[in-house]
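Work through the exercises below with the sequence and the model open. Try each task before you read its solution.

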Amino acid sequence: MGSTGAVGPHYCWRRIRGARSGRKSTSGTVPSRVAGRDRSETGQTFRSDSPSPARLALCRRGVAGMEVQIVDPEPSPISVRRLHEIRSTHRFAPVGECIYCGSRTKLTDEHIVPLGLNGNLVLPKASCTSCSAMTSELELRVLRGFMHDARLAANFKSRRPKNQPQEIRVRLLEEGGQIAETEVPRREAPGLVILPTFAKPTFLSGAEPIEGIRIAGFQLINVGAQQDLSGFVQEREAVGLQAQSTPDIEALAQMLAKIAYSFAVAVTGVIGRESSPLPDLMRDPTNIGRWIGSDAFQLQSEGPGATHGLTHNASVKSPNGEAEVVRIKLFASARSVEGYEVVTRTVRWRAYPP
């Protein structure tokens, strides 16, 4: 199935210092106005005219949770192919210092894209044990959180493969609207991922900066081996599927910062910490929307056999000055409409906003 476009009005996520938000069980948010309604309300439904024949309904659940219901799913005009396993690893030249704090002791290798997402780009001797623990904790909040079942369905790598469940719980929509849950072997299950899309980074767009990040909508993609959603549903005498997700917005944005920053170092060499906001951002995500966002673009690496796409642009003009930008397409086989943009270097970052 293909991806949806942006859904519903803009709303924003903001973090109370010292709290974690983006999870169903934690508040950690400040209510903000959304199209005349308080974003702390639950049960609000958004509908989208998707390019896919499937009809989608997004429903707010708590602070950052949502449900996606696929009714009478049909194949999308945009084919979503099975993600291929990574069969080889590329190791860049050793860095020799921690790219996040500058330490030169107890250095470990850094996977640019997490191993749990089949990342095969490695930056040797690039992270001290303390910073490695920090970035690993951020990644695990995503990999074992809202991406967990999709990773299983796609047969992505795991450091503990023997501990992985062999079945995935699927929610089937029956006639009359009832939901039936069933266990499906992971190799036969759809791998639905709901990826939030953000407003363009305010440094690049010139928009008024805010605390937190503006969420523009969501993209639904299928990364599992099971691509025939219509057949999957009909075989089980149902009329649709229901996918639930509670994205950890903070951890996802920080993971994107880590991917972009380490990739920029691999391409250009060590970045002075006075020239990049990202090392600070991975410790304090208050201003993530200034440096991280989404945009519609296509990369040459997208398509059959691609897992994720990364590209580095050394000179991007913006209303706030010149910057280096890394663009990221997670699950690049899906040919999703929007990807992520991350500002990795600009000499003016400490003076922004003026």
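Buried means under 20% relative accessible area, exposed means over 50%, and partly exposed lies in between. Keep in mind that this is a predicted model.

**Exercise 1. Classify Pro353 as buried, partly exposed or exposed, and place it in the fold.**

Step 1. Locate the residue. Pro353 sits in the segment after S18.

Step 2. Apply the cut-offs. The relative accessibility of Pro353 is 34%, so Pro353 counts as partly exposed.

Step 3. List its contacts. Setting aside neighbours within four places in sequence, Pro353 is in contact with Pro209 and Arg290.

Step 4. Compare sequence and space for one of these. Pro353 and Arg290 are 63 residues apart in sequence, yet their C-alpha atoms are 9.0 Å apart.

**Exercise 2. Work out the strand order of the sheet that holds S17, and find its edges.**

Step 1. Start with S16, residues 309–316. S16 and S17 run antiparallel and are joined by 6 bridges. Within this pairing, Asn313 has Val325 in S17 as its bridge partner.

Step 2. Look at the hairpin of S16 and S17. It has 6 residues between the strands, and Gly321 takes a positive phi near 125° there.

Step 3. Move to S18, residues 338–345. S17 pairs with S18 over 5 bridges, again in the antiparallel sense. Val326 has Val342 in S18 as its bridge partner. Arg327 stands opposite Glu341 in S18.

Step 4. Write the order. The 4 strands form an open sheet, S15-S18-S17-S16, with antiparallel pairing. S15 (292–296) and S16 each have a single partner strand, so one side of each has no neighbour in the sheet. From one strand to the next, the twist averages 30°.

Step 5. Recall the general rule for pairing. Strands of a sheet pair through backbone hydrogen bonds, either parallel or antiparallel.

**Exercise 3. Decide how enclosed S17 is, and say which helix lies across the sheet strands.**

Step 1. Check burial along S17, residues 323–329. Of its 7 residues, 6 are buried, so S17 is largely enclosed by the rest of the structure.

Step 2. Find the helix. H5, residues 249–268, lies across S15, S16, S17 and S18. H5 runs at about 60° to S18.

**Exercise 4. Classify the ring pairs that involve Tyr352.**

Step 1. Set the test. Ring centres must lie within 6.5 Å, and planes over 60 degrees apart count as edge-to-face. The count by this rule is 6 aromatic pairs.

Step 2. Take Phe203 and Tyr352. Their ring centres are 5.2 Å apart and their planes stand at 85°, so this pair is edge-to-face. The pair links distant parts of the chain: Phe203 is in helix H3 (residues 202–205), Tyr352 is in the segment after S18, and they are 149 residues apart.

Step 3. Take Trp291 and Tyr352. Here the centres are 5.5 Å apart and the planes are at 65°, so this pair is edge-to-face. It also bridges distant parts of the chain, with Trp291 in helix H7 (residues 288–291) and Tyr352 61 residues away.

Step 4. Check burial. Phe203 is buried. Trp291 has a relative accessible area of 4%, so it is buried. Tyr352 has 9%, so it is buried.

Step 5. Join the pairs. Phe203, Trp291 and Tyr352 form one aromatic cluster.

**Exercise 5. Find which charged residues lie over the faces of Phe232 and Phe297.**

Step 1. For Phe232, the residue is Arg236, at 3.9 Å from the ring centre.

Step 2. For Phe297, the residue is Lys329, at 5.1 Å from the ring centre.

**Exercise 6. Describe the surroundings of His308: which backbone atoms does its side chain reach?**

Step 1. Locate the residue. His308 is in the loop between S15 and S16.

Step 2. Judge exposure. Its relative accessibility is 16%, so His308 counts as buried.

Step 3. Trace the polar contacts. The His308 side chain reaches the backbone oxygen of Leu117 at 2.6 Å. It also reaches the backbone nitrogen of Phe331, at 2.9 Å.

Step 4. Complete the list of contacts. Not counting residues up to four places away in sequence, His308 touches Val113, Leu117, Lys329, Leu330, Phe331 and Ala332.

Key. Residues are numbered from 1 along each chain as its sequence is written. This is a predicted model: local features need pLDDT of at least 70, side-chain atom pairs count only at pLDDT 80 or more; totals for chains, interfaces and linings use all residues. Side-chain values use heavy atoms; hydrogens and water are left out. Buried means under 20% relative accessible area, exposed over 50%, partly exposed in between (1.4 Å probe, protein chains only). Helices (H or I, at least four residues) and strands (E, at least two) are DSSP runs, numbered from the N terminus. Two strands pair if DSSP finds at least two bridges between them. Axes are lines fitted to C-alpha atoms, for helices over the stretch in contact, and angles run from 0 to 180 degrees between N-to-C directions. Contact means heavy atoms within 4.5 Å. Rings of Phe, Tyr and Trp (its six-membered ring) pair if their centres lie within 6.5 Å; planes under 30 degrees apart count as stacked, over 60 as edge-to-face and the rest as tilted. A charge sits over a ring if NZ of Lys or CZ of Arg is within 6 Å of the ring centre and within 35 degrees of the ring normal. A polar contact is a pair of N or O atoms within 3.5 Å; within protein, one must be able to donate a hydrogen and the other to accept it, and residues adjacent in sequence count only if both atoms are side-chain atoms.
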